[in-house]
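Visitor: I'm new to this one. Can you walk me through it, starting with a pair of side chains?
Guide: Sure, let's bring it up.

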Amino acid sequence: MKRLPLLLLSGLVAVAFAACGGKQPETTPAPAAVNQDSIDAAQRAAEEARQRAEKEARDREAAEREARQRAADSLAALGKSTEAVRTLLATMIHFDYDKAIIRGGDAAVLDQKVAILQANPGLRIRISGHCDERGSDEYNLALGNRRATAAKQYVVSHGIDGSRIETVSYGEERPLAQGHDEEAWAQNRRDEFEILSGGESLKQP
Amino acid sequence: MKRLLLGLAVLSAGPTVRPSDAQDTSAIDRGVRIGIVYRPGVRPGMVVLPVHAPALDSARVILARDLDYSDRFELITLPGGDSIRVTTTASGARPPAAGATGRTGGGGAAAATTLNYPLYQALGADFAVAVAAGSGDSAIVTVHDVAAGGVRRELRARLPALKDPGFRLAVHQLADRVLEAALGVGGTAATRVLFVMDGKVYSIDQDGADQKLVSSSDHQAMSPAWAADGRRFSYMEFWQGHGRLFLQEVASGKRAPVATTGQALDFTPAFSPDGKTLAFSRATEEGTDLYTVNIKDGCCLQRLTVGRFYDNLSPTYSPDGQRIAFVSTRAGLPQIYVMAADGTDQQLFAPFDYGATGSSNAPEWSPDGQTVAFHRDVGGTLQVFVLDVRTRAVRQLTSVGRNEDPTWAPDSRHMAFVSDRSGYRQLWIIDVETGRIRPLLQKSGARLPAWSPRLPEIASSTP
């Protein structure tokens with residue numbers, strides 16, 4: 001701020017000197033040089049503006065690209081979550097021979113399903129009960145029915161509306177493993193979980 | 001197995017035991033039968049005479065096999081086998097001996113022949129059956145009473161052409177009439193067995209011929225069951241996880257879903273003997289219980305059991321329609337119970353030792369009403385048992401391999417069941433009285449057999 005008054009003052013002095021001076025010096029400026037300068041300046045300014053604009057456009061494009069990418073990424077993430085939830089939901093539970101009691105280890109698997117059903121209120125599922133080949137063919141339909149119902153009762157007792165869960169039994173009619181040993185039988189004594197509706201996009205619990 | 005070996009050992013001792021075989025019959029080929037319990041002297045001897053016309057010989061072969069499978073005769077092969085020419089004389093030439101009864105004569109003089117009865121008696125035959133052509137497309141089957149020395153009965157029947165789908169059933173029906181004429185008992189020749197294979201229902205003649213697919217849809221099927229008149233059967237199909245019951249006509253092949261079924265898991269249908277009611281099992285979230293539906297009017301669902309904490313399933317009517325035997329898990333493991341047909345008076349039927357006896361399932365009431373067949377877990381494998389309805393005594397019928405899902409023939413003496421005794425699960429037939437066993441179908445995976453009643457003639461008109 002101090003320099004400004006000094007400049008003003010020197011300017012005033014110069015004006016006073018000129019006004020009071022007898023012979024005015026030739027003060028014809030060199031217009032070409034001045035013009036050239038101003039043209040250059042104008043050109044430079046224009047150039048700068050253009051570059052600025054270009055840069056801004058580039059930046060904007062980049063930002064848009066980035067935004068688009070971000071949006072796409074988040075969609076993919078959502079898809080990944082749906083896939084992950086579906087996989088979790090499809091995890092089977094297994095039973096002891098001629099039993100329809102939920103095993104201790106399988107309670108955690110069912111807890112996951114409770115959480116998924118809570119996080120996705122539009123989701124409806126079907127539980128199907130299955131048996132190994134050892135029991136009577138027709139009795140196994142009743143046994144599979146009890147296995148499906150046992151899982152449903154667990155989920156419903158943890159706060160899920162029963163109307164969102166259908167139960168069916170296939171007895172021993174749809175074995176997963178084709179063998180005739182305990183390994184195959186153990187795999188076949190199971191509940192399967194499938195999505196009936198509302199499974200297009202699923203949230204992680 | 002001990003009984004089997006014993007049976008084999010006795011085979012060679014054949015010709016000594018019948019009182020009427022007192023003559024020297026050592027030269028006679030009695031035929032060789034493997035793997036049966038042979039009780040010499042009990043069964044009457046039967047000769048099916050050779051015929052020398054191709055269509056009639058096919059009929060004769062089927063007829064002879066049916067008579068053999070009835071397990072009521074000792075079939076006798078003539079010396080020289082089937083190539084022998086049997087000479088017969090016209091019926092007028094020598095009058096039948098006293099005591100020969102039956103409807104002889106009646107116009108078909110060509111078939112009314114007489115035999116050299118003393119010769120057949122010497123061969124050990126009590127009966128001789130001759131097949132001959134009648135007028136038009138009919139056949140005449142003459143049943144000779146060898147001991148009485150005359151014609152017991154002359155049977156006439158329309159015999160469709162060899163290629164006609166009704167040919168076999170017509171011959172089977174003749175075989176049943178021969179049995180009726182000779183011994184006064186009903187046969188099982190004109191019957192079929194329904195069974196499940198690869199999720200579909202098939203039908204097969206009791207002699208193992210003419211297997212065909214009868215459930216037409218792509219849906220997985222189970223639990224076939226016959227109506228008592230042999231004109232309809234029922235089975236279950238999976239539809240969207242539900243079990244839907246169907247009624248199907250034998251003659252037309254037309255089928256229709258049973259009203260009120262298909263909204264839950266409905267299975268194991270069983271016709272009441274009058275054909276008006278279908279009992280079945282229904283699995284819901286409450287458990288599995290027994291219901292009936294009026295199939296005459298397609299209405300009026302009725303619940304027979306209320307299980308809540310246990311299951312009730314697999315109903316089977318007594319032949320008088322008054323009672324239903326079924327499976328219940330009320331005592332823990334499934335066991336056989338009985339109740340009145342309206343669901344009242346439920347009680348244990350086949351006794352068991354709590355904590356010791358294995359699961360019992362798949363009951364089927366015999367057509368004579370006296371027994372209920374079922375299978376029971378014995379040491380981790382299934383065996384066929386028979387419950388005596390009057391005494392409630394239980395008898396184990398099988399012991400080799402896994403044996404399950406017994407189903408009675410209309411004579412209440414033969415039974416089809418599933419067994420893996422040969423290495424894989426297939427259908428077998430056992431004669432409960434002699435213990436003779438034969439495979440019905442040598443294909444793996446056949447199960448849930450249901451033996452028909454004697455089939456009416458109309459069933460032969462269309463395939």
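Guide: Start with Arg152(B) and Asp145(B): their side chains meet in a salt bridge at 2.8 Å, N to O. A salt bridge here is a side-chain nitrogen of Lys or Arg within 4 Å of a carboxyl oxygen of Asp or Glu. This is a predicted model, where local features need pLDDT of at least 70, side-chain atom pairs count only at pLDDT 80 or more, and totals for chains, interfaces and linings use all residues. Residues are numbered from 1 along each chain as its sequence is written, chains are lettered from A and ligands numbered from 1 in the order in which they are written, and side-chain values use heavy atoms, with hydrogens and water left out.

Visitor: Is Asp145(B) buried or exposed?
Guide: Asp145(B) counts as buried, because its relative accessibility is 11%. Buried means under 20% relative accessible area, exposed over 50%, and partly exposed in between (1.4 Å probe, protein chains only).

Visitor: And what does Arg153(B) form a salt bridge with?
Guide: With Glu180(B); the closest N and O atoms are 3.2 Å apart. Arg153(B) is in strand β7 (residues 150-158) of chain B and Glu180(B) in helix α4 (residues 167-183) of chain B, so the pair ties together parts 27 residues apart in sequence. Helices (H or I, at least four residues) and strands (E, at least two) are DSSP runs, numbered from the N terminus. Glu180(B) is partly exposed, at 35% relative accessible area.

Visitor: Got one between loops?
Guide: Yes. Glu433(B) and Arg413(B) meet in a salt bridge, 3.3 Å from N to O. Glu433(B) sits in the loop between β29 (426-431) and β30 (437-441) of chain B, and Arg413(B) in the loop between β27 (403-408) and β28 (414-419) of chain B, so parts 20 residues apart in sequence are tied together. Arg413(B) counts as buried, at 8% relative accessibility.

Visitor: How many salt bridges over all chains?
Guide: The structure holds 39.

Visitor: New topic. How many helices and strands does chain B have?
Guide: Four helices and 31 strands. Chain B has 463 residues, and 55% of them count as buried.

Visitor: Which residues touch the most other members of the largest nonpolar core?
Guide: Met236(B), Phe267(B) and Phe349(B), in a core of 51 residues. A nonpolar core is a set of buried Ala, Val, Leu, Ile, Met, Phe, Trp, Tyr and Cys residues joined through side-chain atoms within 4.5 Å. Another core lies apart from that one, with 30 residues, including Ile62(B) and Phe167(B).

Visitor: What is Phe267(B) in contact with?
Guide: Leaving aside neighbours within four places in sequence, its contacts (heavy atoms within 4.5 Å) include Glu138(A), Leu141(A), Met236(B) and Phe280(B).

Visitor: So chain A comes in. How many residues does the contact take from each chain?
Guide: 24 from chain A and 32 from chain B. The area buried between them is about 2,200 Å², with 46% from carbon and sulfur atoms. Buried area is the accessible area (1.4 Å probe) that two parts lose on being put together, summed over both. In chain A, Asp137(A), Glu138(A) and Glu173(A) lose the most area to chain B, together 28% of what that side buries.

Visitor: How many salt bridges across that interface?
Guide: The rule finds five. In one of them, Glu173(A) meets Arg447(B) at 2.4 Å, N to O. α4(A) gives the most to the side of chain A that touches chain B, with eight residues.

Visitor: Which residues are linked in a network of salt bridges?
Guide: Asp137(A), Glu173(A), Arg402(B), Glu404(B), Arg425(B) and Arg447(B).
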